[in-house]
Amino acid sequence: MKSKMVQKDEKRKYARVPVGIGLEIHMKGQPINKARGTIVDLSDGGMSFLSDAVMEEGMSFYLSAKMPLLIRGEVRSIREASSGMNRYGIRFHKIGFSGADESRPRTFINAHFEKRAVSAR
């Protein structure tokens, strides 16, 4: 099973960087208007996060994280994780920075997470 993950990751357009930051999920018109989770990894085009929120593929939402990052995205995949949590794969529709000068996700990722990812190897 691990080899399938590696092959899938190799097909990604953008490399994902491990993050591990808390977030809040805001969903309009859904039974759960606000939920929490943890960002697992982040890239220029998307991310994955763990949450016990109930979401469906294709669902759009807003995320705010414990950093100057605001995300609007769409659920592209869902996998069961442990302890009642799901791991959601997200495609970004829009990503912005509250109070930051960075204009692209890659700039933000490099500045805040790349050093941590390299030192963890």
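**Notebook: a six-stranded barrel and two buried acids**

I began with Asp41, whose place is in strand 2, and I keep in mind throughout that this is a predicted model. I asked first whether Asp41 is buried or exposed. Asp41 has a relative accessible area of 13%, and because the cut-off for buried is under 20%, I entered Asp41 as buried.

I then looked up which side chains make polar contacts with that of Asp41, and I found Ser48 at 2.9 Å and Arg87 at 3.0 Å. Leaving aside neighbours within four places in sequence, I listed the contacts of Asp41 as Arg16, Val17, Pro18, Val19, Met47, Ser48 and Arg87, so that both polar partners, Ser48 and Arg87, appear in the list as well.

**Entry on Glu74**

I turned next to Glu74, which I located in strand 5. Glu74 is also to be entered as buried, since its relative accessible area is 13% and the limit is under 20%. Which side chain makes a polar contact with the side chain of Glu74? I found that of His93, at 3.0 Å. With neighbours within four places in sequence left out, Glu74 is in contact with Gly58, Met59, Ser60, Phe61, Gly89, Ile90, Arg91 and His93.

**Entry on the fold**

I stepped back to the whole protein, in which I counted two helices and six strands, and reading along the sequence I wrote down the pattern α-β-β-β-β-β-β-α. In what order do the six strands close into a barrel? I traced 1-2-3-6-5-4, with antiparallel pairing, and I noted a twist that averages 45 degrees from one strand to the next.

I checked two of the pairings in detail. Strand 1 and strand 2 pair in the antiparallel sense over eight bridges, and in strand 2 I found Arg36 as the bridge partner of Glu24. Strand 1 and strand 4 pair in the antiparallel sense over four bridges, and here I found His26 standing opposite Tyr62 of strand 4.

**Entry on the nonpolar core**

I went on to the largest nonpolar core, which has 26 residues, and asked which of its residues touch the most other members. I recorded Leu23, Ile25, Met47, Phe49, Met55, Phe61 and Leu63. Each of the strands 1 (17–26), 2 (34–42), 3 (46–51), 4 (60–65), 5 (70–80) and 6 (86–96) supplies at least two residues of this core, and strand 1 gives the most, with five residues. I set beside this the general remark that in soluble globular proteins nonpolar side chains tend to be buried together.

I chose Leu63 for a closer look and, with neighbours within four places in sequence set aside, I found contacts with Leu23, Glu24, Ile25, Met47, Phe49, Leu69, Leu70 and Ile71. Among these contacts, I recognised Leu23, Ile25, Met47 and Phe49 from the list of core residues that touch the most other members. Phe61, which is on that list too, had already come up as a contact of Glu74, and Met47, likewise on the list, as a contact of Asp41.

**Entry on overall values**

I closed with values for the whole protein. Buried residues make up 37% of its 121 residues. Of the contacts between residues at least 6 apart in sequence, I noted that 51% join residues at least 24 apart. The accessible surface comes to about 7700 Å², and 50% of this surface belongs to carbon and sulfur atoms.

Notes:
Residues are numbered from 1 along each chain as its sequence is written. This is a predicted model: local features need pLDDT of at least 70, side-chain atom pairs count only at pLDDT 80 or more; totals for chains, interfaces and linings use all residues. Side-chain values use heavy atoms; hydrogens and water are left out. A nonpolar core is a set of buried Ala, Val, Leu, Ile, Met, Phe, Trp, Tyr and Cys residues joined through side-chain atoms within 4.5 Å. Buried means under 20% relative accessible area, exposed over 50%, partly exposed in between (1.4 Å probe, protein chains only). Contact means heavy atoms within 4.5 Å. Two strands pair if DSSP finds at least two bridges between them. Axes are lines fitted to C-alpha atoms, for helices over the stretch in contact, and angles run from 0 to 180 degrees between N-to-C directions. A polar contact is a pair of N or O atoms within 3.5 Å; within protein, one must be able to donate a hydrogen and the other to accept it, and residues adjacent in sequence count only if both atoms are side-chain atoms. Accessible areas come from the Shrake-Rupley method with a 1.4 Å probe; for residues, only the protein chains shown count as cover.
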